[in-house]
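Hi everyone, thanks for making time today. I'd like to walk you through one model, so let me put it up on the screen.

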Amino acid sequence: MDLLQPTENGLYCEPGDFYVDPWRPVERAVITHAHSDHARSGSRSYLTALPGVALLRERLGRDASIRGLPYGESVDMNGVRVSLHPAGHLLGSAQVRIEHHGEVWVVSGDYKLQADPTCEPFEPVKCHVFLTESTFGLPIYRWPAPERVFAEINAWWAGNQQNQRTSILFAYALGKAQRLLAGVDAGLGPIVVHGAVARLVPAYTSAGVQLPEVYQAEPQWIQAVRGRGLVIAPPSAIGHPWLRKFGPASTAFASGWMQVRGARRWRSLDRGFILSDHTDWDGLICAVHDCGAERVGVTHGFAAPFARWLNEQGHASWVVPTHYEPQDEEEAEVLPSTAALESASPGAAPLESASGVDIAVATTEGGRE
Ligand SMILES: [Zn+2]
Ligand SMILES: [Zn+2]
């Protein structure tokens, strides 16, 4: 019997009687990270990695029963051994290692292999079965080094200052925004953050993450950033009157989706920076290889093409159905054609299907204009 099974409530471990990132309220939930599609309210108790407790509490409210488990320590749940290991996705994000009668499963949650000063680096965990996300599970997605991206962002900011423009950078409020704060050259000028970003900053600083001083959009700080500062706001603020107060501005978005500059919504922006908190294609393969799993379940993204590719490479792989419907992270921007893309390339060789998908993306986007 499989140690984890998809059920109507979420991924369920029957011998341990708990769920991983359940999408409905349950008795016992083990949470990989605080993004809203993984951390839903209403369950009786939550177990999560210790550095992520404050963010999870921010998400679930004061009354939620949350237990923080240090990375690498294990708890016994009905004779099943559960431990949490860094996933490198955002502060406190974890892979869940589940061991029962000598069999080990690992649920990756969302993860990345790139360096990120706001969280602990991804740790490969040996297992028999690996359940991996596949948000960017196509070979077209390959990330530039973050140092290069941050150099581009700093150059954009400095260039805007020369033109007396405010730099407005859109990024997901949890994770990406704090990673940007940690990575930009704060010596260039003052930084104002939208309230949705500001709300989450204390959880980072209290966890010891070094972030520059940031200000909210109060009159004196609006005045200070105008024409020379940086404003970090969530994508929901794009086109919002709130932005007008910052005067003439250059706008940009930081996301993995910038690699295929598809979605029409982003075309109104001046720049796109390729920076993702999910792993790219090479990272997925690296993670699958390093964990040494005999079987690989794929979920959350381009699951069907990636599972097919893994099967062709000799890994026993299958698609794990999940109900992750993100609102505040990168998957939220997945092009509406994902399902169509997956069914559009049945049996195609993966690299061919990938380039086919690339074209399909362009076609679909074109069709929406
Ligand atoms: Zn996430
Ligand atoms: Zn996710």
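Before anything else, a word on terms: when I say helix, I mean a DSSP run of H or I with at least four residues, and these runs are numbered from the N terminus. Please also keep in mind that this is a predicted model.

With that in hand, the overall picture. The protein has 10 helices and 18 strands. It runs to 369 residues, and 47% of them count as buried. If you take contacts between residues at least 6 apart in sequence, 61% of those join residues at least 24 apart.

Let's go to the sheet I like to start from. Here seven strands make an open sheet with mixed pairing, and the order is 7-8-9-10-11-17-18. At its edges sit strand 7, residues 74-77, and strand 18, residues 316-319, each pairing on one side only. On average, neighbouring strands in this sheet are turned by 20° against each other, ignoring direction.

Zooming in on one pair: strand 9, residues 94-100, runs antiparallel to strand 10, residues 103-107, and five bridges link them. Within that pairing, H100 is opposite E103 of strand 10.

Now, which strands does helix 7 touch as it packs on the sheet? Helix 7, residues 281-291, touches strand 10, strand 11 (129-134) and strand 17 (295-301). The direction of helix 7 makes about 170° with that of strand 11.

Follow the chain on from strand 11 and you reach a loop leading to helix 2 (146-162), and that loop is where you'll find G137. Is G137 buried or exposed? The cut-off for buried is 20 or more other C-beta atoms within 10 Å; G137 has 28 such neighbours, so it counts as buried. Leaving out residues up to four places away in sequence, G137 touches W281, L284, G301, F302, P305 and F306. There is also a nice long-range pairing of positions here: G137 and A303 are 166 residues apart along the chain, yet their C-alpha atoms are separated by 7.1 Å.

That brings us to helix 8, residues 303-312. Eight of its 10 residues are buried, so helix 8 is largely enclosed by the rest of the structure. For those following on the screen, the buried ones are A303, A304, P305, F306, A307, R308, W309 and L310. Two of these, P305 and F306, are the ones we just met as contacts of G137.

One last stop: just after helix 8, G314 adopts a positive phi of about 95°.

That's my tour; happy to take questions.

Definitions and conventions. Residues numbered from 1 in each chain as written. Chains lettered and ligands numbered in written order. Predicted model: local features only at pLDDT ≥ 70, side-chain atom pairs only at ≥ 80, totals over all residues. Buried ≥ 20, exposed ≤ 12 C-beta atoms within 10 Å, placed from the backbone. Helix = DSSP H or I, 4+ residues; strand = E, 2+ residues; numbered from the N terminus. Contact = placed C-beta atoms within 7 Å. Pairing = 2+ DSSP bridges. Axes fitted to C-alpha atoms, helices over the stretch in contact; angles between N-to-C directions.
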